[in-house]
Amino acid sequence: MELRAIPSISDVDAERWNALAGADNPFLRHEFLAALEHHGAVSEDNGWVPYHLLLWDDQTLAAAAPAYLKGNSWGEFVFDFAWAHAYERNGLDYYPKLVIAVPYSPVNGPRMLLNPDYPADGLRHTLADGARQMMEAMEVSSVHWLFANPADIDTLSAADHDVRLGCQYHWQNAGYSDFEDFLSGMSSKKRKNIRRERRRVAEQGLSMRVVHGDEATDALWDALHGFYTKTFHEHGNLPVITRACFAELGEKLGRQVVLFVAEEHGVPVAGAICLRSEDTLYGRYWGCAREYDDLHFETCYYQGIEYCIQTGLARFEPGAQGEHKVTRGFLPTLTRSAHYLADERFRAAVGDFLARERPAVEAFARDLEQDAPYRAEVLERLPRD
């Protein structure tokens, strides 16, 4: 087998890439990665240079990984700025680094996409070793596998990568019949609070509707992109996803794009842009024309939960951070990344730091679960990742 790197996702056939196991995840599909490249969200100017890894067995694509040479640490959601500063203080270059991840998307899933006709363990070990060898050949500082699934993490850990834990907040579907069935497992106080938040949205004259990507009009994309841009600017962030990129995702991914739209007198005033796989809903972008009481909770959380119940999705990952999600039914869930630094001294230092950080993150997640709104007997029965 031969491991090669390509400078654009367009250099590999979409059908071949999407045939690999794991590519049902919308963020790993060729269409998603291509749209980011086509519209400049992934570019040298933004610090993401495509370097996708392809493992070939003669003319057969045996495995692949979405990889990038990173000139900064923005858009990764696994924060290593302190590591970069330590390199700089010691006269070393931390950038560029090799990152295997989905740009701007803290979503969990496989990072090693495998041909199901080959033994999975062998492919994973080959990708792990190959990525490290490429790191060494290019003389970049490090290789990072972000938000990888447990099988990938196990392989990387066995290959001397250091594992880092994070904490997100995920909702799990316990086979609820409707939203009220979901609320029935909560304490009375938490149940009343959620009902009150939903009621306030309706009392402001707002209505909600669900639109899939293949149903969205040009006018709706104009509105949603405007909301997204406004929100990013207000928080001091750069809105790198263009309106044309959103529209292409809607066209190419169709019903894997799910839009929750808030309207006032039939006019869109806010919206959340989500994606879905066969079993999971992923919250990604949100924005609004102006402030409304509790509209963020309705659009970004409660509409997604209701959609999962109605469509039978198993889980809802609403995005990174946000401890306030716990009281609304999202449970602390550990995420995992794996890191290998070429410099032995820094590798030892980072490994020591992560060994001390992991139990602290686990304790943080356990403590947060005490704020979960569910009754104790219900919490024990909820499914977990």
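**Sheets, pockets and selected contacts in the predicted model**

A salt bridge joins the side chains of Asp80 and Lys97, with a distance of 2.6 Å from N to O. The two residues connect distant parts of the chain and stand 17 residues apart: Asp80 belongs to the loop between strand 5 (67-70) and helix 3 (81-89), while Lys97 belongs to strand 6 (residues 97-100). The structure, which is a predicted model, contains 27 salt bridges.

Two backbone features occur in the same part of the chain as this pair. The peptide bond that leads from Tyr95 to Pro96 is cis, and its omega is near 5 degrees. Pro96 is located in the loop between helix 3 and strand 6. Phe77 is a residue other than glycine with a positive phi, near 70 degrees. The position of Phe77 is in the loop between strand 5 and helix 3.

Strands 5 and 6 both belong to an open sheet of 11 strands, ordered 2-5-6-8-15-9-14-13-12-11-10, in which the pairing is mixed. Strand 2 (48-50) and strand 10 (206-212) are the edge strands, each pairing on one side only. From one strand to the next, the twist averages 30 degrees. Strand 6 and strand 8 (residues 142-145) run parallel and are joined by 3 bridges. Leu98 has Val143 of strand 8 as its bridge partner. Helix 8 packs on this sheet, where it touches strand 10, strand 11 (257-264), strand 12 and strand 13. The direction of helix 8 makes about 75 degrees with that of strand 13.

A further open sheet has 4 strands in the order 1-3-4-7, and its pairing is antiparallel. Its edge strands, strand 1 (2-6) and strand 7 (113-114), each pair on one side only. Between strand 4 (residues 60-65) and strand 7, which run antiparallel, there are 2 bridges. Ala64 is placed opposite Leu113 of strand 7. Helix 4 (residues 120-138) lies across strand 1, strand 3 (52-57), strand 4 and strand 7, and runs at about 55 degrees to strand 1.

The largest pocket holds about 1400 Å³ of space. Its lining comprises 45 residues, and those that lie nearest the centre are Phe77, Phe232, His235, Asn237 and Arg284. Phe77 is thus both a residue with positive phi and one of those nearest the centre of this pocket. At least two lining residues come from each of helix 8 (218-234), strand 12 (267-276), strand 13 (280-288) and helix 10 (295-311). Strand 13 contributes the most to the lining of the largest pocket, with 5 residues. By class, this lining consists of 23 nonpolar, 14 polar and 8 charged residues.

The volume of the second largest pocket is about 660 Å³. This pocket is lined by 30 residues, with Asn108, His170, Glu317, Thr333 and Asp385 nearest its centre. Strand 9 (162-172), strand 13, strand 14 (315-317), strand 15 (331-341) and helix 11 (344-368) are the elements that give two or more residues to this lining. The most comes from strand 15, which gives 6 residues to the lining of the second largest pocket. The lining residues of the second largest pocket divide by class into 9 nonpolar, 11 polar and 10 charged.

Enclosed space was also examined. Over the whole structure, a search finds 3 cavities of 30 Å³ or more. The largest cavity contains about 90 Å³ of space. It is lined by 13 residues, of which Phe32, Phe246, Leu249, Leu275 and Tyr285 are the closest to its centre. Helix 2 (30-38), helix 9 (243-253), strand 12 and strand 13 each provide at least two residues of this lining. By class, the lining of the largest cavity has 11 nonpolar residues, 1 polar and 1 charged. Strand 13 therefore recurs across these spaces, supplying at least two residues to the lining of the largest pocket, two or more to that of the second largest pocket and at least two to that of the largest cavity.

Key:
Residues are numbered from 1 along each chain as its sequence is written. This is a predicted model: local features need pLDDT of at least 70, side-chain atom pairs count only at pLDDT 80 or more; totals for chains, interfaces and linings use all residues. Side-chain values use heavy atoms; hydrogens and water are left out. On a 1 Å grid over the protein atoms alone, a cavity is a set of points where a 1.4 Å probe fits but cannot get out, and a pocket is an open set with protein on both sides within 12 Å along at least five of seven lines; lining residues have an atom within 4 Å of a point. Grid points are joined across faces, edges and corners, and a volume is the space filled by probe spheres set on the points. Ala, Val, Leu, Ile, Met, Phe, Trp, Tyr, Cys and Pro count as nonpolar, Asp, Glu, Lys and Arg as charged, and the others, Gly among them, as polar. Two strands pair if DSSP finds at least two bridges between them. Contact means heavy atoms within 4.5 Å. Axes are lines fitted to C-alpha atoms, for helices over the stretch in contact, and angles run from 0 to 180 degrees between N-to-C directions. A salt bridge is a side-chain nitrogen of Lys or Arg within 4 Å of a carboxyl oxygen of Asp or Glu.
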